[in-house]
Amino acid sequence: MSEPPITEWYYFIATPEIYPFLEGYVDASRGYPIGGSKASTLRGLPPAEDLRTTNDGNGNLMLQLETWRVNSADFTSLDPYISSGEVSVITKDEWDALLPVEDEDLLDDLELPEDEDLLDPITETL
Amino acid sequence: MPFALPGFFRTLGFDPSSLNPVIWFDMDTSMLAAGDVAATEGDLVATLENKVSGGPDATQTVSSEQAVAKIPTGGSQPYLLMDLVDDEYEFTTDSSAVNGTIVVATLEGTYSANISLGASTQYDLQARGVAATANVGFLKNPVGYLISSSPLSDSEITQMENYFVDKGAAARSAFGSVTNFNSAWRSCPTLTSFPLIDTSSGTNFSNAWNNCSSLTSFPLIDTSSGTNFNQAWRDCSSLTSFPLIDISSVTNLNSTWRSCTSLASLPALSVESATILDKTWAICTSLQTFPAGVFDNWSPSSLSNRALHNTWVGCSSLTAQSVENILVSLDTSGVYGTTSGASGGTQLADNVIDIDYDGTTLSSATSTAITSLKSKNWAISINSVIQ
């Protein structure tokens, strides 16, 4: 298993096919769902439809997690999928390069006002 | 010597319930972990329990989007540690709309502003307040929130802010030491007002109020240290007026007031250092009056390639006098359409000054300015026609 980058965040890329496994693994390993009448945790990871997809056309899902949320046992469980390329741990620079092209990036190549519909997504710039 | 009451006495006898809140979260008692247990240090917080009886709680059922309870020892007060990526809590208003005041108290600073919430509507609560996009900015450690059912008076706001300060939040004055306001209140479309806070140390205001689409006015904040106003008030589509802020040090005015579609006029701003004004006032469709002299003292150290690209595009209400004001002032500046802004430099890859206006007859002064600007390496496009 390759050593994960030392950072406050892990940046994961997962194929849509493997993501349900990740969801199931996290829920099982953390004991989710935990019910309550006022406070409950139903799942560990967001549903796939809430995640961004990479801009390289592969349709891979992007998942950013704080390092403390992931332990060594998690990486052990992920190892086969990392080895097969179904899950990747990437650097921040690689993550940024794979973010969907939104907002300002598109604006620089388009003329107004046709690009107005593209203004809604939020990205950090400058 | 003035006698200052210590915090305990300041809030003694003050009960936030007296403000008729619809939402009141105090992190010392509101943080619940899954299973309805009071969160302890390091626990993921699944619910912020409303201290208003019968009021909505704020919940998050996905653990990776739950923030962490911080319950320090040694007398410090509890707070919620939110990441600046995806942590947030959802709440749904009851059958009544709310036009009140929100007080947001964090370890980084406390502010209060008027807010408008729809009836029976779900909202996201993030560190910076009720927001429409994921966590951004620098506010990340909430101590408490309160949303009142009607606007609070100044004295009530002071009482409430002091209440949270006594629970560990930083006072409003803490904003005075903040240099980076990047995205601080971005996409807070429910805010209908913004308070006068100390921004005198702020250099980066990029996206600070982007998409605060219900603000109708804005206070005269201190922007004298500001250099980056990239998209700062973009899509503030309800702003009808804007104060005369100091933009003398600003180098980046990219899309600063873009799509402020209710703005009819501007104060006599003075652009002095800006190197890029790409789309600065683009799609300000109600903007009729652009003042004279805005660029008279323009003296940038250099120019970006799209320095005046689409700066006034989509400004279909601009008058002919405004076009004159713009072009005469640009000409007065003596700035060339070159990368250095000086004569003899390399012409900008995009040297077009883009202006849309109401189509009425342009003045001879405008024609003179156009001729002069063309001799200074600029091209001028008016209503999409190159002059």
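In this predicted model, the side chains of A:Arg69 and B:Asp87 meet in a salt bridge, with 3.7 Å from N to O. The rule finds three salt bridges across the interface of chain A and chain B, and the interface also holds 16 residue pairs in polar contact, where both residues are at pLDDT 80 or more. On the side of chain A that touches chain B, strand S3 (61-66) and helix H4 (103-107) of chain A each supply at least two residues. By class, that side of chain A has 14 nonpolar, nine polar and 11 charged residues.

As for the extent of the interface, 34 residues of chain A are in contact with 48 residues of chain B, and the two chains bury about 2,900 Å² between them, of which 46% is on carbon and sulfur atoms.

A:Arg69 appears again in the second largest pocket, which encloses about 270 Å³ of space. This pocket is lined by 18 residues, and those closest to its centre are A:Val26, A:Arg30, A:Leu45, A:Leu65 and A:Arg69. Helix H1 (19-30), strand S3 and helix H2 (72-84) of chain A each supply at least two residues of the lining, and the largest share, four residues, comes from H1(A).

The residue classes of the two surfaces are set out below.

| Surface | Nonpolar | Polar | Charged |
|---|---|---|---|
| Side of chain A that touches chain B | 14 residues | nine residues | 11 residues |
| Lining of the second largest pocket | 12 residues | three residues | three residues |

Strand S3 of chain A therefore has a place in both descriptions, since by the DSSP runs used here S3 supplies at least two residues to the side that touches chain B and at least two to the pocket lining.

Definitions and conventions:
Residues numbered from 1 in each chain as written. Chains lettered and ligands numbered in written order. Predicted model: local features only at pLDDT ≥ 70, side-chain atom pairs only at ≥ 80, totals over all residues. Heavy atoms only, no water. Contact = heavy atoms within 4.5 Å. Buried area = accessible area lost by both parts, 1.4 Å probe. Salt bridge = Lys/Arg side-chain N within 4 Å of Asp/Glu carboxyl O. Polar contact = N/O pair within 3.5 Å; in protein donor to acceptor, adjacent residues only side chain to side chain. Nonpolar A, V, L, I, M, F, W, Y, C, P; charged D, E, K, R; others polar. 1 Å grid on protein atoms, 1.4 Å probe; cavity = no way out; pocket = protein on both sides within 12 Å on 5 of 7 lines; lining within 4 Å. Points joined across faces, edges and corners; volume = space filled by probe spheres on them.
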